[in-house]
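Trainee: Please take a close look at one part of this model with me. I'd like to know how it sits in its surroundings, and then how the rest of the chain is put together.

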Amino acid sequence: MEALERSLYERLGGVEAITAVAHAFEERAAKDDRINQKFARTNLDRLTKEFVDQLCQDTGGPCTYTGLSMRQAHTNMGVTSGEFDAFIEDLVATLDAFNVGKAEQDELLNNLRPMRADIVEVDSRQVGTPLPSAFTPAPPL
């Protein structure tokens with residue numbers, strides 16, 4: 001029962017482990033032709049910081065996410081349902097590579113899945129779509 005009493009943040013290994021997962025995930029996503037075009041104009045330092053802050057905050061850690069809302073951050077990106085699913089698949093593969101337990105993965109994914117409605121703009125199984133010219137990325141930190 002002790003594992004259930006500790007926060008997901010603690011069970012994941014804290015901010016250092018979350019940061020390592022975030023970096024590994026970004027490397028995986030950069031090589032994934034299903035989603036990498038969506039990051040073409042993204043400031044990666046900002047993405048890393050905000051991804052870590054959000055995962056840390058959402059898992060019960062001491063971080064505070066101060067970035068844009070998911071809807072604001074993804075407006076005009078043209079993210080498809082298929083691309084969101086590919087993003088999740090890459091995250092799961094990264095978590096598997098770090099030997100994150102199934103219970104912790106499920107808990108983390110349950111935190112992320114509600115964001116789908118704010119991220120997906122195109123109800124399509126298509127992947128690898130280009131980033132629309134109308135997309136304006138957040139400025140560097």
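Mentor: Start with valine 100. Its relative accessibility is 16%, so valine 100 counts as buried, the cut-off being under 20%. Keep in mind that the model is predicted. Valine 100 lies in the loop between H6 and H7. Set aside residues up to four places away in sequence, and valine 100 touches Leu12, Leu95 and Gln105. One longer-range distance helps to place it. Isoleucine 18 is 82 residues away along the chain, and its C-alpha is 11 Å from that of valine 100.

Now look at another residue of this loop. Asparagine 99 also sits between H6 and helix H7 (102-112). What is its state, buried or exposed? Asparagine 99 is exposed, because its relative accessible area is 70% and the cut-off for exposed is over 50%. Its backbone stands out too. Phi is near 60°, positive although the residue is not glycine. That positive phi comes just after H6. So this loop holds an exposed asparagine 99 and a buried valine 100.

Step back into the helix itself. H6 has 17 residues. From first C-alpha to last, H6 reaches 24 Å, close to the 24 Å expected at 1.5 Å a residue. Which of its residues are buried? The list runs Ser81, Gly82, Glu83, Phe84, Asp85, Ala86, Ile88, Asp90, Leu91, Thr94 and Leu95. Here is a rule of thumb for reading such a list. An α-helix has 3.6 residues a turn, so residues three or four places apart point the same way. What covers the buried residues of H6 includes helix H3 (14-31), helix H4 (44-58), H7 and helix H8 (116-119). Leu95 ties back to the loop: it is buried in H6 and is one of the residues that valine 100 touches.

Go to the other side of H6. Asparagine 76 lies in the loop between helix H5 (70-74) and helix H6 (81-97). Here again phi is positive in a residue other than glycine, near 70°. Asparagine 76 is partly exposed, with 36% relative accessible area.

H6 also has a partner from late in the chain. Valine 127 belongs to the segment after H8. Leaving out residues up to four places away in sequence, valine 127 touches Arg34, Gly82 and Glu83. Gly82 and Glu83 are both on the buried list of H6. Alanine 86 is another buried residue of H6. The C-alpha atoms of valine 127 and alanine 86 are 7.9 Å apart, with their places 41 residues apart in the chain. Valine 127 itself is partly exposed, at 35% relative accessible area.

Next, the early helices. Tyrosine 9 is in helix H2 (residues 8-12). Tyrosine 9 counts as buried, since its relative accessibility is 13%. Beyond neighbours within four places in sequence, its contacts are Gly14, Val15, Ile18, Cys56, Thr59, Gly60, Gly61 and Pro62. Threonine 59 is 50 residues away along the chain, yet 4.7 Å separates the two C-alpha atoms. Threonine 19 lies in helix H3. At 26% relative accessibility, threonine 19 counts as partly exposed. Its C-alpha is 8.5 Å from that of lysine 49, and the two are 30 residues apart in sequence.

Finally, the whole protein. There are eight helices and zero strands. Of contacts with a separation of 6 or more, 82% join residues 24 or more positions apart. The radius of gyration is 15 Å, which agrees with the figure near 14 Å for a compact globule of 141 residues. The C-alpha trace spans about 50 × 30 × 25 Å along its principal axes. Buried residues make up 41% of the 141. The accessible surface is about 7,700 Å², with 53% of it belonging to carbon and sulfur atoms. Charges number 14 positive and 23 negative, and their mean positions lie 4 Å apart.

Terms used. Residues numbered from 1 in each chain as written. Predicted model: local features only at pLDDT ≥ 70, side-chain atom pairs only at ≥ 80, totals over all residues. Heavy atoms only, no water. Helix = DSSP H or I, 4+ residues; strand = E, 2+ residues; numbered from the N terminus. Rg over C-alpha atoms; globule rule 2.2 N^0.38 Å. Buried < 20%, exposed > 50% of the residue type's maximum accessible area, 1.4 Å probe, protein only. Contact = heavy atoms within 4.5 Å. Areas by Shrake-Rupley, 256 points an atom, 1.4 Å probe, with all protein chains shown as cover. Lys, Arg positive; Asp, Glu negative; His and termini not counted. Charge placed at Lys NZ, Arg CZ, Asp CG, Glu CD. Expected span 1.5 Å × (residues − 1).
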